[in-house]
Amino acid sequence: MFIKIALSVLLCSIALAAADTYEGYKIYDINAKNAFEKEVLYQLSSNTEYDFFALPKTLGEAARVMVQPEDQVEFENTLNKFTIDFTVVDENVGQTADLERAQNSFLRTVLDTSSRVSFASFQRYDDILRYLDELAQSYPSRVTVKTIGKTYEQRDLKAITISNGDGKSNKKVILLDAGIHAREWIAPAGALYVIHQLVENFSANSNLLKDYDWVIVPVANPDGYEYTHTNSRMWRKTRKPASTNCYGTDGNRNFDFHWGEVGASSLSCSDTFKGPTAFSESETKVLRDLMRSLTGRAKMYLTLHSYGNYLLYPWGYTSALPDTWKDIDEVAQAGAAAIKSATGTKYTVGSSTNVLYAAAGGSDDYAFAVAKIPVAITMELPAGGSGFDPKPAQIEPFVSETWIGIKAMAEKIISKY
Ligand code: 0X9
Ligand code: ZN
């Protein structure tokens, strides 16, 4: 009896350790050839053990899913049974994550320390806060950094406000955040690049700051972000315990607008757990309060995620469109067109439900419907590596391309509002 319990405790802790390290996890690309095969994938995606990174609606675009070792045989058998084609794009996610972690920390220590921020490696949360504080010190007339709240693990959540220093208050605002989802590392890097451009390349971008201030939260889920650096590369949620066995809530299912109605899980272990109540997480409460404090002034809310090259707008909870969808679409189309003509990269533009999937409780729907910000857009940056892990050398090209799109959207906003 004792041996049996000890053995099951041991197996359970091995499984938990593997979950953290992703030892033996595989990532599959699956090409559904027809509607039936797509339907099989939709059915599989309701199994919370399968982590679907991408499940595009369009036929011809591959789905991508991460599967733990103990489920791989059954998973492959199911695909084989229906003759659905798949390829393994990562044979061992744990090994890849270890290698990439070592490469990234090596690059962080050896690369150019002459400039204030580097886009040659992914930054830790401390580095990011240090950069914000340095900017506030060096450009006191144009930059203020405020602690807007605390995370569950008591980290400071910070927002940087960037102005042109003309001393005028209560200007219109562009509100931007990134990193609601911990593993989407390119998103905070993109927000840092926006900050870098607006502050350190002010003269080239002063048109974006004439009648508008920018308020930016570059890492909206710092506990999760740090956890992906130290423990578990593919972590998505916050870090507050959600039940005896499971941690974290999906911040982008936790906002109180049609909360939990669709595309969100009630299971605390799921990656899309909606939380025990709406705004159960201090991180989402802080974003809520920031949005609401800017009602009337904020004309655009832009939230950076990855991946898939999408510019998404409300609604995420229904396939219906808001009355003013054409105004939002015009802004998003301007971003997509600017990127297309600069680099050739294609972004898909549309409502979340119609081009991606229905998921209620997102920050974009809340910003639009409750905080009354007339343009709310989720920008899904490009995939790198197996999706969430661009190579360090890809950061600069990705974030400078993203900036081209953001700048074009901001210019459109400035001309319209
Ligand atoms: O599912 C999400 O939260 C977003 N995609 S991600 O791959 N970054 O997780 C899309 C959110 C779109 N907005 C809403 N559904 N409200
Ligand atoms: Zn995301």
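## The ligand and its shell

A nitrogen atom of ligand 1 sits 3.2 Å from a polar atom in the side chain of His 305. That is a good place to start a walk through this structure, which is a predicted model. Two further polar contacts involve ligand 1. The side chain of Tyr 357 brings an N or O atom to 2.5 Å from an oxygen atom of the ligand, and a polar backbone atom of Ala 359 lies 3.0 Å from a ligand nitrogen atom. As for cover, the protein buries 98% of the 420 Å² that ligand 1 exposes when taken alone.

Which residues are the closest to ligand 1? They are Arg 236, Arg 253, Tyr 357, Asp 364 and Glu 380, out of 16 residues that surround the ligand. Sorted by class, this shell holds 7 polar, 5 charged and 4 nonpolar residues.

## The eight-stranded sheet

His 305 also leads us into a sheet, since strand 9 covers residues 298-306. Strand 9 pairs with strand 12 (residues 375-381) in the parallel sense, over 7 bridges. Within this pairing, His 305 stands opposite Glu 380 of strand 12, and Glu 380 is one of the closest residues to ligand 1.

The sheet as a whole is open and has 8 strands in the order 5-6-8-7-9-12-10-11, with mixed pairing. Strand 5 (143-150) and strand 11 (348-351) each have a single partner strand, so one side of each is left without a neighbour in the sheet. From one strand to the next, the twist averages 20°.

## Helices across this sheet

Helix 13 (residues 392-416) lies across strands 7, 8, 9, 10 and 12, and runs at about 165° to strand 9. Helix 5 (residues 125-138) lies across strand 5 and strand 6 (156-162), at about 35° to strand 6.

## The four-stranded sheet

Another open sheet is made of 4 strands in the order 2-3-1-4, and here the pairing is antiparallel. Its edges are strand 2 (51-54) and strand 4 (85-90), each of which pairs on one side only. Neighbouring strands are turned by 30° against each other on average, direction ignored.

Strand 2 meets strand 3 (residues 63-67) through 3 bridges in the antiparallel sense. Where does Ala 54 find its bridge partner in strand 3? The partner is Arg 64. This sheet has a helix across it as well: helix 3 (residues 72-81) lies across strand 1 (26-31), strand 3 and strand 4, and runs at about 10° to strand 1.

Technical notes. Residues numbered from 1 in each chain as written. Chains lettered and ligands numbered in written order. Predicted model: local features only at pLDDT ≥ 70, side-chain atom pairs only at ≥ 80, totals over all residues. Heavy atoms only, no water. Pairing = 2+ DSSP bridges. Helix = DSSP H or I, 4+ residues; strand = E, 2+ residues; numbered from the N terminus. Axes fitted to C-alpha atoms, helices over the stretch in contact; angles between N-to-C directions. Contact = heavy atoms within 4.5 Å. Near = heavy atom within 4 Å. Polar contact = N/O pair within 3.5 Å; in protein donor to acceptor, adjacent residues only side chain to side chain. Areas by Shrake-Rupley, 256 points an atom, 1.4 Å probe, with all protein chains shown as cover. Nonpolar A, V, L, I, M, F, W, Y, C, P; charged D, E, K, R; others polar.
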